[in-house]
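Me: I'd like to learn how to read the contacts between chains. Can you walk me through it?

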Amino acid sequence: MENFLQAIDTLTIRFALAAVLLPLFAFVINICLPGKSNKAAGWVSTLAVLVSCALSVFVFSRAWNQHQVHQGQLWFTIGNIKLSAGILLNNLSVLMLLLVSLIALPVHIYSTAYMNNDENYKRYFTYLSFFCFSMLALVVVDSLVLFYIFWELVGFSSYLLIGFWFTRPKAILANKKAFIMNRIGDVGLLTAIIIIYVVFRTFDIEQLFGANALVRSTAFQVPGGWQYVACGGIFLAVAAKSAQFPLHTWLPDAMEGPTSVSALIHAATMVAAGVFLLARVYPIFDSQELVVLAVIGCFTAFMAATIALTQNDLKRILAYSTISQLGFMIMAMGIGAYASSLFHLATHAFFKCLLFLVAGIVIHQVQHIKDEYQLDIDPQNILYMGGLRKKMPLTFIACLIGGLALVGLPLTSGYLSKDGILIQSFEWAEGKSWLFKLIPIGALITSWLTAFYVARLIVKVFFGEFRLMQFNPHIKLHISDGAWQYRLTLLFLAICCLFPLFSLHPVLYEHAWVFSGFSRITGLDRVNIYHTIIPAGVNIFSILVIYWAYAVYVRQKALPFPESGLLFKLSYQEWYVDKFYNRFIVMPVMTLSKTAQWIDRNIIDGFIHLLQRTGILLSKIAEWTDRYIVDGLLHLIADLVLGIGNFARNFQGGKVQYYLFSMLAIILAIFLFKILI
Amino acid sequence: MIPLSDFLIVSAGLFCTGLYIILSKHNAIQILIGIELMLNAAVLNLVAFGKFDRLNNGGQLFALFAIVLAAATTAVALAIILNVYKKYKTIDPGKIDELRD
Amino acid sequence: MNILSLLIFTPLLFGLLIILLPSAWRASFKYIALLATLVQLGISIWMYLHFKTGTAYAGVNNEGQFQFVQKLPWINLDLGTLGKMQIDYFIGIDGLSITLVLMSSVVMVIAALACWEIKSNLKGFFSLFLLLNAAVIGVFCALDFFLFYIFYELMLLPLYFLIGMWGGARREYAAIKFFLYTLFGSVFMLLVMIGLYLSVKDPATGNHTFNIVQMMNPANYDANSVFSVLGHQTLLGMPARTVGFVVLFIAFAIKVPVVPLHTWLPDAHVEAPTPVSIILAGILLKIGGYGIIRVCLGIFPEVAASGAFWLGLLGVISILYGALNALAQRDLKRMIAYSSVSHMGFVLLGIASLTAEGISGAVMQMVSHGFLATMLFFLAGVVYNRVHDRDIYNFRGLGTAMPRYTTFVMIAFFASLGLPGFSAFIGEAFSLVGAFESPSVNGALPYWMAVCGSAGILLSAAYFLWTLQRMFFGSLSLKGGDVWKTALVDLNFREIITLLPLALLTLALGVMPSLVFDKINDSVLALVEFTKHIIR
């Protein structure tokens with residue numbers, strides 16, 4: 001029996017491994033394929049994702065709510081540590097495995113149509129497969145080192161895909177920004193991982209954060225404030241990847257990538273990796289740190305929602321809505337609603353992906369009109385759109401379902417997850433000081449704001465008249481829902497946005513299987529008053545807000561915001577965060593680097609040159625000394641010798657009389673000498 | 001009887017005169033005359049000291065011998081002077097210094 | 001014939017051949033040089049494969065555990081009352097050097113392939129090139145300090161001429177700067193070397209010896225000698241061993257280079273021809289790191305331990321300062337040169353941690369940087385050869401004009417900025433692990449240093465990405481207009497086969513770090529154990 005179980009587990013692990021590695025094979029095959037727009041690339045990638053999706057379903061059915069499976073093998077040895085690489089399958093990882101492959105599949109199918117006319121078709125799918133590989137690997141690996149590796153690889157593939165159209169200046173600025181902001185998070189994560197390793201001497205996720213979490217044991221003591229540094233590092237990583245304040249500004253810019261990429265990476269999967277990281281390392285946080293998480297999440301949710309109110313770029317609105325929803329998830333983690341957070345992550349992935357794909361179709365159609373009539377417009381601007389519901393009915397319905405799910409109206413999946421978070425946040429704030437109450441209230445306001453901007457978006461795009469035609473009456477529209485790939489994916493995702501996929505009960509989130517899969521508290525009783533009041537209040541008010549938006553934008557009854565108002569500007573300029581960063585972070589760093597360069601040129605090299613000049617000066621002095629003093633002495637001696645020589649020479653000048661005279665002198669001298677002595 | 005010292009004084013005077021002529025004159029013939037004076041001083045000495053050798057009269061004999069030799073050398077010297085004059089057109093020994101090393 | 005000697009002297013033989021051949025055959029010289037480096041590579045691969053691992057082959061301070069050893073008496077002078085002068089031809093390798101030897105051989109092949117661009121005075125160039133080659137390998141293998149010094153100096157000479165004669169516009173300035181810097185270091189090294197010689201006695205023969213391995217054993221020092229461990233002699237008012245360590249460290253730090261002794265590097269790199277840049281960045285900098293590990297740490301472990309804070313500080317300063325400088329450059333080669341300063345800072349930080357992880361990480365970083373710097377300089381050389389310009393601002397959108405080139409540039413840049421999956425990540429990460437571990441294990445470094453070190457990773461992303469964005473992305477626009485557009489052809493076959501192995505190697509090391517760690521692990525553990533032992 002034991003052996004049999006082992007064999008089953010091994011099979012599960014193998015299947016999971018295959019599911020992860022298949023996109024990698026697709027990536028390698030795509031690299032080797034000839035031609036820039038080889039259509040085979042799309043099929044290779046899609047097939048790979050299809051198979052890994054099927055494998056994921058199998059793995060999920062094996063591992064969900066079963067014992068966790070963990071197998072690894074030695075990777076390398078350094079010093080006395082043996083690093084292993086392996087796969088850890090528990091509820092969290094199999095859910096993510098399934099989710100990622102399930103979202104990736106429709107996006108792949110959609111992309112085969114969406115990117116069909118791009119000349120770099122092959123490159124697109126190569127990158128996309130690489131992303132899928134990294135993301136799938138990220139969710140199943142068992143060691144923090146591997147986790148970091150794939151964490152950064154998803155960031156890298158996101159970099160590649162944001163800058164897919166690398167001839168566009170905005171796209172390459174956006175991908176640089178995205179990578180660098182993610183790098184800030186990576187540095188935080190790396191620091192945290194290393195601190196965790198140094199204290200607990202292992203990288204193994206299961207040992208660290210599993211059932212008998214080492215991080216909770218009292219045997220280890222984290223020195224000084226380094227517990228906070230580690231948590232801060234993790235938080236930075238989460239904030240960077242999941243676009244939380246203050247590292248959120250890369251995500252709206254990342255919309256420069258192809259829309260299908262935005263749907264997969266920047267809405268459904270990669271940005272959720274931050275929440276996934278929180279879920280993985282959840283035991284490391286203590287209650288204070290969780291409060292910080294909740295505050296940041298709530299603030300981000302609120303801020304992003306206010307920004308989304310006034311944006312005119314279709315994808316930017318969705319991007320801010322993503323940030324807002326991710327804020328909800330982080331906040332849920334912070335208030336201890338672990339299960340609801342993950343539940344919201346799962347539901348959000350589907351409806352946000354759906355909304356992005358809808359946006360992609362709309363933008364594609366407007367782009368066609370733009371290309372056809374050579375118009376000078378931004379195809380993503382919702383001010384030019386309108387009245388598309390008659391031309392593209394399926395898209396409209398899909399968008400409506402996605403939008404309602406985002407708002408969180410009943411019968412949708414969003415209702416289940418979001419209301420769960422709201423209810424639990426009120427429960428959490430119960431009995432705490434009024435400051436803590438701000439968090440659930442902020443969340444509540446955010447969800448009404450959400451209702452407004454979603455309504456604004458749908459109304460502007462699908463209702464009223466096609467405004468582009470008002471400016472350019474000669475345009476003839478031939479817009480439709482598009483290719484079968486579009487229809488199929490929209491249909492699939494729209495179905496996934498409804499409640500039956502997650503819960504058989506349309507209004508009670510506790511019954512959702514995702515929720516119960518993670519729920520740590522059993523037998524939650526519904527005596528609390530919040531469970532009735534909040535869903536009712538939220539939804540009634542949301543519907544009112546939606547109607548208001550409809551009234552404002554379709555019936556043109558009134559302008560909601562004065563465009564010159566301070567609040568409008570704050571929202572429209574995205575709270576001036578980017579400007580602040582440019583002024584107070586980017587500029588100083590550049591100045592610092594210029595200063596460093598100046599120091600190098602003038603101080604260090606200056607010092608070297610000073611040494612050089614001193615050397616030259618010294619050598620000049622030495623030369624002078626040499627010439628006039630040392631040589632002078634030599635010359636003096638030489639002259640002296642010469643003088644003596646010349647003097648002596650006179651004695652034998654060939655003059656006989658001199659000889660005689662000197663002879664005489666010498667004789668006399670000897671004579672005198674003899675006499676005197 | 002003239003004492004020996006008188007001879008010697010005359011001889012020394014002659015010698016010094018000859019020496020002075022040799023050292024100071026720029027004419028080879030005058031120098032030759034100086035040499036002759038010095039030789040004669042020596043001969044005078046020989047003769048003066050000859051009184052101590054009465055048996056063989058060695059002093060006188062040597063004096064004669066020296067006179068004869070002096071005559072011969074003078075002849076040779078004059079010949080040399082003539083030849084030098086022919087070659088250098090001068091007989092100032094100070095100017096003829098090609099033999100120096 | 002000992003295989004290690006063969007490895008060292010093969011290039012010399014080929015160099016001699018080139019000198020003897022008539023100049024009319026100059027077209028064949030590059031093939032001869034390439035053949036020499038290939039033979040050398042073959043030998044070092046053979047050695048790598050036959051390199052035995054296990055605690056019995058750790059080496060470091062145990063003479064019997066070195067491999068491929070050759071020890072011949074070389075200079076034996078009877079100095080009468082002064083004893084006997086004993087200098088051996090003593091070579092051998094252990095885990096610390098094997099990977100660096102192999103890395104150097106690979107880099108040499110690449111450098112030989114980059115020599116195609118050299119057009120003038122080929123005989124001189126290739127003979128000097130091969131001389132340099134022999135000297136470099138010799139440095140990694142020498143275990144006798146005198147021999148080490150000879151190889152070390154022998155390396156300078158060809159480099160000076162290679163930069164000064166085949167370099168760019170300011171080549172003389174660069175060559176002299178380089179020469180003076182390194183000479184400054186090595187002259188003082190000579191003094192310490194002689195001091196060590198006079199302090200150490202070979203226990204077997206009782207003679208003074210230059211043997212590095214015996215210098216590591218405190219018992220071999222004369223009690224009253226200058227560098228005696230127990231003697232506590234002073235020199236210029238400071239402990240003599242500290243002075244010795246500092247002097248040796250400065251000599252190697254110039255090579256690494258460590259801020260503020262680094263300014264020769266950008267000039268030398270910018271002016272040097274591509275193959276010489278490759279050797280400079282790929283191998284020479286590693287000699288500095290290798291010297292610090294083998295000589296500074298090996299001979300003066302207790303000083304290294306007490307001065308670890310300062311070493312780490314210099315490492316961190318190098319990381320951050322180099323990165324900031326790289327951010328401000330507009331010359332591609334200068335940018336890469338400063339990035340080298342930054343990356344080599346991790347090596348110093350890892351060494352300063354005195355932990356097995358840190359030192360392994362440092363060696364890994366050296367090997368990895370060897371390949372990556374080679375790749376980067378080769379790539380910079382590609383664009384320079386085509387249009388004779390390297391100013392980042394003069395190019396834009398090269399991605400459309402030279403897609404294959406851009407692919408390799410991206411691989412090299414991302415590998416250098418520490419993207420996981422490539423070797424630099426492993427090197428940097430484990431250097432940092434060592435630095436973080438150090439406060440709790442041996443207290444050599446404080447925590448904040450490690451945190452500052454990791455900020456370097458962030459800055460490296462900034463300058464590489466900026467360059468990518470500025471130079472390779474966007475729509476094509478070149479300063480030289482259409483002339484440049486026709487000149488900038490994509491990589492040719494030779495360039496691709498040069499770059500591809502490098503890319504694959506860094507990838508392989510990133511995915512399977514055991515290729516390096518398996519070989520060095522025993523030696524690193526032995527070294528750490530040995531330093532701990534001495535400190536106690």
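Reply: Let's go through the chain contacts, then the rings. This is a predicted model, where local features need pLDDT of at least 70, side-chain atom pairs count only at pLDDT 80 or more, and totals for chains, interfaces and linings use all residues. Residues are numbered from 1 along each chain as written, chains are lettered from A and ligands numbered from 1 in written order, and side-chain values use heavy atoms, leaving out hydrogens and water.

Me: Which chains have the most contacts?

Reply: Contact means heavy atoms within 4.5 Å. Of the 2 pairs of chains that touch, A and C have the most contacts, with 61 residues of chain C meeting 49 of chain A. Chains B and C don't touch, and their nearest C-alpha atoms are 52 Å apart.

Me: How many salt bridges cross the interface of chain C and chain A?

Reply: A salt bridge is a side-chain nitrogen of Lys or Arg within 4 Å of a carboxyl oxygen of Asp or Glu. The rule finds 3 here; A:Arg201 forms a salt bridge with C:Glu437, closest N and O atoms 2.5 Å apart.

Me: And which charged end sits over the ring of C:Tyr384?

Reply: For a charge over a ring, NZ of Lys or CZ of Arg must be within 6 Å of the ring centre and within 35 degrees of the ring normal. For C:Tyr384 the partner is C:Arg390, with its charged end 4.5 Å from the centre. Likewise, C:Lys255 lies over the face of C:Tyr152, at 4.3 Å from the ring centre.
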